[in-house]
Amino acid sequence: MKTTTRWNLLILISVLSFVCNFTSILSAQDYYPANVGNEWILEKTDGEHRRIYTLETPKDAADQHLILLKIATEEISTGKVTGSDEYFVTTDAAGIKIHKTALQTTINRTKVDVSATFPTPVIFFPKQLERGDIWETEGDTDIVLGTAKISGKSTTTLKIVGFETVRTTVATFDDCAKIEFTAAFTSPFLTLEPTTSYQWLAPNIGPVKYETGSGDIFEIVSFKRSLYPTAQNLPMWHLPSSTFQATGSRLGGILNAKILTNVEDYVTEVANLGIISVSGEILPLGDGTGFAKNAQGKHDLWVAGRFGNAPITGSIILFAENSKGRISRIITVTLNIN
């Protein structure tokens, strides 16, 4: 299995940090990047086992509209897989939604299969995480232990208990969301005691630390990320015009105006978009010029200039990119005083 060396992991983290801070507006607070091809390897601190997280396209044709998050637990010395968790998910502006699960493990040499379905997909991981957030996933669940089958309800309560710095042997990760998982199962014939585990997610990286219900600790040793989902075609801009005239409002010494609402609606198959450069009398990116997320979860383009210089004219080079490449578009903007 291809993995990332310690040095390459540090380089990748640095590159992703740069990209997400200066060019990305769609994944600025993505705590669980859910692109097919992503892989995380976490090793138990005693060196005996590892957990391999992968995002794949499901093999079953009926599931290929979903993303498979697979977590395999294996012995490091032998490579023997001792457990497998499969989560079938989709992603949207709200975050990662879970549709069904299939879990396998062995207890006292007896194979145990646990499957759950969610008639209405529920949030697994929200896009935005805040301290104190609590949410639940409840599914129709079957437990098959040997020849016995028990049906009931599984409920997992997730809570953001805080944000911490996680120090591992390969890197230090700041602002990690610590998520508490409390899982319970009830049926007419069996009620299992709730178990609690913890997962630490680093922004723009994903899982970097895991603590089992019995207190075993796993920490990240390798990370491979596919920056963008596989696309069929290059992005394509469909802007209403290449020339925009707007009336701005004064904010201190700045003249500010919204040029485009819901920018994502004007480009197809976009994984990431942003601004390459600003020229003319328009203020640079970050000084009132740039993107701002709106109530619809999309982004508006705002442009600013110095109030005393109106009318203000300048150009902006926008870009849109995906796994096929990047396409840019130049627009000309004129701001007048309200």
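L42 sits in strand β1, which covers residues 39–44. In this predicted model, L42 counts as buried because its relative accessibility is 0%, below the 20% cut-off. Leaving aside residues up to four places away in sequence, L42 touches R50, R51, Y53, Q199, P207, V208, K209, Y210, F218, E219, I220 and V221. Q245 is another story: L42 and Q245 are 203 residues apart in sequence and 53 Å apart in space, C-alpha to C-alpha.

**The whole protein**

- The protein has 1 helix and 21 strands.
- Its C-alpha trace spans about 75 × 45 × 40 Å along the principal axes.
- Of the 338 residues, 42% count as buried.
- The exposed surface comes to about 17300 Å², and carbon and sulfur atoms supply 51% of that.
- Take the contacts between residues at least 6 apart in sequence: 56% of them join residues at least 24 apart.

**Nonpolar cores**

- The largest nonpolar core has 40 residues, and W40 and V208 are the ones with the most contacts inside it.
- Strand β9, residues 172–186, gives the most to this core, with 5 residues.
- A second, separate core has 24 residues, among them L239, L273, F291 and A320.
- As a general backdrop, nonpolar side chains tend to be buried together in soluble globular proteins.
- Back to W40: not counting residues up to four places away in sequence, W40 touches Y32, P33, R51, I52, Y53, L55, I205, G206, P207, I220, S222 and F223.
- R51, Y53, P207 and I220 turn up in the contact list of W40, and these four are also touched by L42.

**Aromatic rings**

- The count of aromatic pairs comes to 9.
- One of them joins Y210 and F218, with 6.3 Å centre to centre and 45° between the planes, so the pair falls between the 30 and 60 degree limits and counts as tilted.
- Both partners are tucked away: Y210 is buried, with a relative accessible area of 14%, and F218 is buried at 4%.
- Y210 and F218 also appear among the residues that L42 touches.
- Ring pairs link Y32, W40, Y87, F124, F125, F181 and F223 into a cluster.
- Two of those cluster members, Y32 and F223, are listed among the contacts of W40.

**Charges over rings**

- K209 lies over the face of W200, at 4.5 Å from the ring centre.
- K209 is one of the residues touched by L42 as well.
- R250 lies over the face of F307, and here the distance from the ring centre is 4.1 Å.

**Strands β3, β4 and β5**

- β3 (residues 67–75) and β4 (residues 81–92) run antiparallel, joined by 8 bridges.
- Across that pairing, I67 stands opposite V89 in β4.
- The hairpin of β3 and β4 has 5 residues between the strands, and G79 there takes a positive phi near 80°.
- On to the next pairing: 9 bridges join β4 to β5 (residues 95–107), again antiparallel.
- S84 stands opposite Q104 in β5.
- β4 and β5 form a hairpin too, with 2 residues between them.

Terms used: Residues numbered from 1 in each chain as written. Predicted model: local features only at pLDDT ≥ 70, side-chain atom pairs only at ≥ 80, totals over all residues. Heavy atoms only, no water. Pairing = 2+ DSSP bridges. Helix = DSSP H or I, 4+ residues; strand = E, 2+ residues; numbered from the N terminus. Core = buried A, V, L, I, M, F, W, Y, C linked by side-chain atoms within 4.5 Å. Buried < 20%, exposed > 50% of the residue type's maximum accessible area, 1.4 Å probe, protein only. Contact = heavy atoms within 4.5 Å. Phe/Tyr/Trp six-rings, centres within 6.5 Å; stacked < 30°, edge-to-face > 60°. Lys NZ or Arg CZ within 6 Å of the ring centre and 35° of its normal. Areas by Shrake-Rupley, 256 points an atom, 1.4 Å probe, with all protein chains shown as cover.
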